[in-house]
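Me: Got a minute to walk me through this one? I'd like to start with the sheet.

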Amino acid sequence: MRPAPSPGSPSLTLLRYARPHRRVLLASLVLVLLASAAGLAQPLLARTVLTSLSEDGGVLWPVLALAGLVVAGALLTGLQSWWQQRTAERVVRQVRRDLVHRLLRLRVGELDRHAPGDLVARVTSDSTLLRNAATEGLVNVASGVLSVAGALVLMGVVHAGLLAVTLGVLVLVAALLGVVLPRIRRAVARAQGAVGAVGAALDRALGAARTVKANGAEARETATAEAAVDEAYLAGLAGARYGAWTAVLTGVAVQAAFLAVLGVGGALVAAGSLDTPSLIAFLLYVFYLASPLGALVGGLGMLQAGLGAVGRIEQVAGLPVEEDVDVPTEQSPAEAPSVELREVSFGYPGRGPSLAGVSWRAPAGGQTALVGLSGAGKTTTFALLQRFYEPDAGAVLIGGRDIATLGRAELRRRIAYVEQDSPVLAGTLEANLRYAAPAASDAEVAEVLRATRLDGLVERLPDGLATEVGTRGVALSGGERQRLAIARALLRRPQVLLLDEATAQLDARNEQALREVVETVARGCTVIVIAHRLSTVTGADRIVVLERGRVRAVGTHDELVAADSLYRELAASQLLTGDVADELSGAAPARD
Ligand SMILES: Nc1ncnc2c1ncn2[C@@H]1O[C@H](COP(=O)(O)OP(=O)(O)OP(=O)(O)O)[C@@H](O)[C@H]1O
């Protein structure tokens with residue numbers, strides 16, 4: 001398991017990403033400096049050539065050395081560029097791996113709070129901004145600082161007075177850059193936030209594409225996404241504007257320094273206190289400054305852009321994850337356990353209690369049905385049973401053990417959960433079936449297909465089990481999806497089966513078949529079903545009636561029909577939850 005990244009300033013975070021690659025980055029820096037030194041020596045050699053010419057000396061060796069330096073500098077630059085790009089790709093890969101690892105382990109409460117599209121953008125888009133910042137940006141800043149410093153020292157050797165003139169100009173420009181650079185960071189953060197909003201808007205609309213089309217909402221959804229696209233554009237433009245200003249300021253710095261040095265130096269030459277070759281050498285240094293100064297400012301710009309993205313990446317890195325899902329599970333007893341809620345209270349953040357002091361017990365094996373009006377807390381109970389959320393008070397016990405002490409991996413290994421809308425993942429039928437039990441034998445697969453009456457479907461399909469089910473299983477009917485979800489759960493051979501019954505997906509024959517399957521399963525495991533059909537509750541060993549987060553009554557069907565008015569009305573409606581039952585029972589059904 002990966003350690004949660006320690007919170008720190010964005011700059012330190014950036015350095016942390018670069019840290020594993022420090023050797024290559026250092027080598028890269030050395031190459032840049034060597035290439036730069038090759039450039040740095042050129043003005044001195046040029047001065048030698050000029051002096052030799054004026055003194056009628058030999059120029060062959062200085063010229064050869066000059067040519068050698070030019071070639072060596074170019075080769076070193078090429079090698080350094082390759083190393084740097086490779087490291088940049090590695091940094092991005094690592095950041096993406098870490099983010100993917102964390103996103104898939106985020107706590108359910110965090111997943112409730114964040115738009116998936118925005119989270120995806122942080123992996124795909126924000127991470128790319130680190131590519132340059134954590135490598136090229138750092139190397140350019142380091143090499144720029146060293147090269148500029150080296151040039152300034154050599155300029156000081158040539159003429160201290162002219163150096164003072166140059167520094168005066170540079171300090172002025174640096175102050176202006178200090179104003180512009182942080183704005184790049186803010187613009188990038190804004191642009192990336194907007195890119196995340198584009199992802200969120202598209203995810204929302206594409207995830208409910210049929211609803212969008214059926215309601216003719218294409219234009220409205222387009223407008224929402226476009227507003228975010230425009231915001232990204234405007235923020236991107238702002239960033240580009242500030243980037244352009246840094247380039248302008250750098251150019252102006254060099255030109256202004258050149259003119260100032262030319263003016264002052266020219267006067268000095270005229271006064272006879274400076275020789276012409278020294279002035280030319282100094283001016284060459286001023287021109288030489290353009291390149292490392294450009295690298296330094298460009299590097300600072302990259303760092304600022306990276307810092308704008310680091311904030312968003314670190315937000316994900318700071319979200320709480322389920323640390324124990326990768327912990328190897330312990331050996332648990334094979335037999336079906338009892339399931340018990342003891343005085344459990346729970347409320348979603350910012351909402352009133354969804355469960356308030358709920359207690360009930362499902363004995364080992366057998367079927368327990370949860371019934372109640374919409375919003376009574378049935379799905380919330382299932383969520384707590386799987387530790388998607390932790391109770392605010394009380395305890396959930398499986399096999400007599402508090403599940404808080406069990407570890408999520410172990411707990412979820414014992415439980416199979418069939419959600420009401422039967423989510424199916426894009427991929428083949430077989431991949432979906434084996435999702436929770438990849439090691440299941442072909443015979444076991446055939447058995448659950450028969451039990452869930454999917455065998456006929458598989459035979460009819462030209463590709464059989466290898467058939468692609470489409471994104472979210474669109475290539476299957478609702479009933480087929482529900483049966484696939486049940487088959488997947490059964491293949492896992494769970495100790496506890498949590499079944500959120502679909503309200504209207506199955507035809508009578510398949511419903512009967514599935515009831516028989518669940519009854520068979522119930523002999524070897526504890527089944528808890530959120531019941532929406534009368535036939536389910538009449539077959540259940542016990543029924544828990546929930547009302548507004550509290551247990552209203554517990555008993556068998558016959559007992560409850562006799563004793564509980566809400567249950568009687570629910571049963572009479574044949575539809576155990578939802579609006580019809582709501583209307584039947586009135587706003588506040590009286591307790592018997
Ligand atoms: N993720 C959530 N965030 C905030 N509130 C929630 C969340 N899920 C459920 N609730 C609220 O908790 C209460 C109980 O919801 P729950 O889904 O458990 O009811 P239910 O009995 O399963 O209803 P239904 O039969 O309609 O599915 C409801 O008031 C609901 O609005």
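**The sheet and its neighbours**

Reply: Sure. There's an open sheet of 6 strands, in the order S6-S7-S8-S3-S9-S10, with mixed pairing. Strands here are DSSP runs of E, at least two residues, and helices are runs of H or I, at least four residues, numbered from the N terminus. Two strands pair if DSSP finds at least two bridges between them.

Me: Which strands stand at the edges?

Reply: Strand S6 (415–418) and strand S10 (550–555) do; each has a single partner strand, so one side of each is left without a neighbour in the sheet. From one strand to the next, the twist averages 15°.

Me: Before I go on, what sort of model is this?

Reply: It's a predicted model: local features need pLDDT of at least 70, and side-chain atom pairs count only at pLDDT 80 or more, while totals for chains, interfaces and linings use all residues. Residues are numbered from 1 along each chain as its sequence is written.

Me: OK. Do S6 and S7 run parallel or antiparallel?

Reply: Parallel, with 4 bridges joining S6 to strand S7 (residues 496–500). One of the pairs is Ile 415 with Val 496 in S7.

Me: Which helix lies across S7?

Reply: Helix H10 (residues 378–385), which runs at about 150° to S7 and also lies across strand S3 (366–372), S6, strand S8 (526–530) and strand S9 (542–547). Angles run from 0 to 180 degrees between N-to-C directions, with axes as lines fitted to C-alpha atoms, for helices over the stretch in contact. Contact means that the C-beta atoms of two residues, placed from the backbone, lie within 7 Å.

Me: And what lies across S10?

Reply: Helix H19 (residues 565–573) lies across S10, S3 and S9, at about 105° to S9.

Me: Switching to the ligand: which residues come nearest?

Reply: Tyr 348, Ser 374, Lys 378, Thr 379 and Thr 380, out of 13 around the ligand. A residue counts as near if its C-beta atom, placed from the backbone, lies within 6 Å. H10 gives the most to that shell, with 3 residues.

Me: Any long helices against each other elsewhere?

Reply: Take helix H3 (residues 60–103) and helix H5 (residues 116–158): their axes come within 8 Å and cross at roughly 150°.

Me: What about membrane annotation?

Reply: UniProt, in an unreviewed entry, places "transmembrane region" at several spans, including 137–155 and 247–273. Such annotations may be inferred rather than shown by experiment. In the model, residues 137–155 are 100% helix, with end C-alpha atoms 26 Å apart.
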